[in-house]
Amino acid sequence: MIYIHANTDEFEYDIRSMVKAFYPEYEQYVYCDESKVQPQKKPEEGPEMVLEILLLDDGMMAFCRGEEGKAQHVFTEGKERTKRKNALKKALYRLLAERTGHELPWGTLTGIRPTKLFVKALEEGKAEEEILQDMQKDYLLTGQKSELGLSIAKKERKLFSDLPMENGASLYIHIPFCPTTCLYCSFTSYPAAMWKDRMGDYIKALKKELLVVRDGMGSRELTTIYVGGGTPTTLTAEQLSELLGFVKDNFPMENLREFTVEAGRPDSITMPKLMALKENGVNRISINPQTMNEDTLQILGRQHSVEQTKEAFTLARQAGFENINMDIILGLPNEGQDKVKHTLSEIKGLGPDNLTVHCLALKHNSRLNLEKNRYTHLTYEDVTGPLKLAADFATDMGMEPYYLYRQKQIAGNQENVGYALPGKEGLYNMLIMEEKQSIFSVGAGAITKLVKQPGELFKRVENVKDVTTYLDRIDDMLLRKKEAFDALNQ
């Protein structure tokens with residue numbers, strides 16, 4: 001337990017995030033003198049660490065490491081909120097780095113989109129060397145992460161320069177069904193076998209919502225379509241044709257740059273399904289092994305083999321797909337650098353066009369966390385070496401990094417990176433991260449993000465996650481969407 005006492009709750013989220021980055025396994029008890037909502041109960045046992053945080057009216061922030069009464073860090077940055085926040089995080093970072101004896105690769109940055117800072121700096125006309133120096137000085141990034149962030153920001157600006165933003169839009173369709181739920185997964189998904197008889201009802205509801213989205217999108221140019229999940233290819237070939245054909249018939253496809261479907265689980269892929277995708281305009285798919293080690297697949301509950309992954313990839317090439325992404329996860333249980341190298345070697349032999357490298361994020365709702373007492377025998381290794389190995393393999397395959405995001409509870413406080421051959425980048429992945437244009441989303445749990453000015457989120461509209469509730473309340477959600485679209489288009 002870490003006990004945090006602050007005299008104000010002004011930066012409570014930032015304090016929590018920074019402490020969590022250094023102590024991911026610890027619970028936090030936060031007490032703010034000004035907070036209107038206090039914790040219901042103090043811990044019965046004494047805290048393992050006490051952190052006192054004091055913010056004074058004149059802008060001075062002082063920190064001391066509790067019981068030892070030392071390790072103070074004092075900064076004066078005036079009253080401007082952003083400067084106070086950044087000074088607070090730097091001081092807290094230095095205190096915790098001193099206490100733990102280690103540093104974080106992304107320094108004080110705890111958000112999911114660190115590249116936004118690099119893009120902003122480039123748009124302001126700053127020189128690249130100045131940007132690198134500022135990121136290391138202001139946010140305490142390592143040199144390697146600074147260079148990675150800058151390279152991705154430059155790639156993003158180049159790709160976005162040719163896309164419509166203010167008059168552009170993307171469409172997301174959510175399919176919340178999976179063959180099984182993987183051990184690490186925290187997404188709301190439903191067993192396809194149990195929902196087989198209601199998938200038709202779900203597609204009917206999607207079509208109803210799609211018509212409302214079509215009208216709300218108005219004259220905007222449709223840039224990308226992304227069908228995700230879950231595992232969209234748990235639908236039958238006939239159901240895929242029905243849904244994708246409906247999209248093709250009701251949305252402007254003439255300027256579409258990218259139409260992606262997550263084929264995801266190799267055990268859900270068949271040639272009839274691939275042909276259904278191809279015939280309806282899909283030009284990019286994902287086949288996601290996560291690992292190419294049989295023993296790890298069994299631990300994860302993936303219920304497919306390495307050979308099935310290879311067979312699915314071969315089928316996709318035979319069906320004519322020229323842009324195939326593959327996902328892997330680093331930091332999986334019982335996987336050290338040798339096993340990661342084996343996975344990367346197998347993938348290199350297949351020759352995908354995209355490689356998305358994730359670091360395992362231990363989410364609250366995953367079975368790996370909820371049932372952690374069952375998995376105490378599993379071991380985890382540092383992902384720093386495997387990340388470098390993955391980057392080297394991507395380079396050997398002719399790929400370059402093009403998008404990046406981070407997650408809470410991510411292994412080693414690292415990042416997820418998308419690599420691609422030139423011209424094969426996943427545009428939707430970049431657009432959803434940077435909020436440069438509106439993302440109109442349909443389906444259970446789907447989140448619509450409306451943008452009036454590129455880079456500025458205007459409104460979020462969330463659908464309920466539960467499929468039964470979604471089906472029962474579809475009209476209520478459509479009414480909320482219509483109201484949001486009217487406000488957007490005023």
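I take a residue as buried when its relative accessible area is under 20%. The model I looked at is predicted.

**Entry 1: whole chain**

I began with the protein chain as a whole and noted 16 helices and 18 strands. Of its 490 residues, 54% count as buried. I looked up the exposed area as well: it is about 21900 Å², with carbon and sulfur atoms supplying 47% of it. I then checked contacts between residues at least 6 apart in sequence, and 73% of these join residues at least 24 apart.

**Entry 2: helix 14**

Which residues of helix 14 are buried? I found L427, Y428, N429, M430, L431, I432, M433 and E434 on the list. That is eight of the eight residues, so I put helix 14 down as largely enclosed by the rest of the structure. Just after the helix I noted E435, which has a positive phi of about 55°.

**Entry 3: helix 5 against helix 14**

I recorded packed helices in the usual way, by the angle between their axes and the distance between the axes. Helix 5 covers residues 143–160 and helix 14 covers residues 427–434. Their axes are 11 Å apart and the packing angle is about 105°. Angles from 65 to 115 degrees count as roughly perpendicular, and I therefore entered helix 5 and helix 14 as roughly perpendicular to each other. From helix 5 the contact uses E156, L159 and F160, and from helix 14 it uses M430, L431 and E434. By class I wrote down four nonpolar, no polar and two charged residues for this contact.

I also looked up S146, which lies in helix 5. S146 has a relative accessible area of 0% and is buried. Apart from neighbours within four places in sequence, S146 is in contact with F118, L132, M135, Q136 and L141.

**Entry 4: strand 16**

I moved on to strand 16, residues 438–442, and found five of its five residues buried. In a regular strand, side chains alternate between the two faces of the sheet. I checked the directions here: S438, F440 and V442 point one way, while I439 and S441 point the other way. Residues of both groups are buried. In which sense do strand 6 and strand 16 pair, parallel or antiparallel? I noted the parallel sense, over five bridges, with strand 6 covering residues 168–175. I looked up one bridge in particular: L171 has F440 of strand 16 as its partner.

**Entry 5: helix 7 against helix 8**

I next looked at helix 7 (residues 237–250) and helix 8 (residues 271–279), whose axes are 9 Å apart at an angle of about 5°. Angles under 35 degrees count as roughly parallel, and I therefore entered helix 7 and helix 8 as roughly parallel to each other. On the helix 7 side I listed A237, L240, S241, L244 and K248, which meet P272, K273, A276, L277 and E279 of helix 8. This contact divides into six nonpolar, one polar and three charged residues.

**Entry 6: L471**

My last lookup was L471, in helix 15, which covers residues 467–472. Is L471 buried or exposed? I entered L471 as buried, because its relative accessibility is 14% and the cut-off is under 20%. Not counting residues up to four places away in sequence, L471 touches R198, D201, Y202 and A205. I also noted K204: its C-alpha atom is 9.3 Å from that of L471, although the two residues are 267 apart along the chain.

Methods:
Residues numbered from 1 in each chain as written. Predicted model: local features only at pLDDT ≥ 70, side-chain atom pairs only at ≥ 80, totals over all residues. Heavy atoms only, no water. Axes fitted to C-alpha atoms, helices over the stretch in contact; angles between N-to-C directions. Helix = DSSP H or I, 4+ residues; strand = E, 2+ residues; numbered from the N terminus. Parallel < 35°, antiparallel > 145°, perpendicular 65-115°, else oblique. Contact = heavy atoms within 4.5 Å. Nonpolar A, V, L, I, M, F, W, Y, C, P; charged D, E, K, R; others polar. Buried < 20%, exposed > 50% of the residue type's maximum accessible area, 1.4 Å probe, protein only. Areas by Shrake-Rupley, 256 points an atom, 1.4 Å probe, with all protein chains shown as cover. Pairing = 2+ DSSP bridges.
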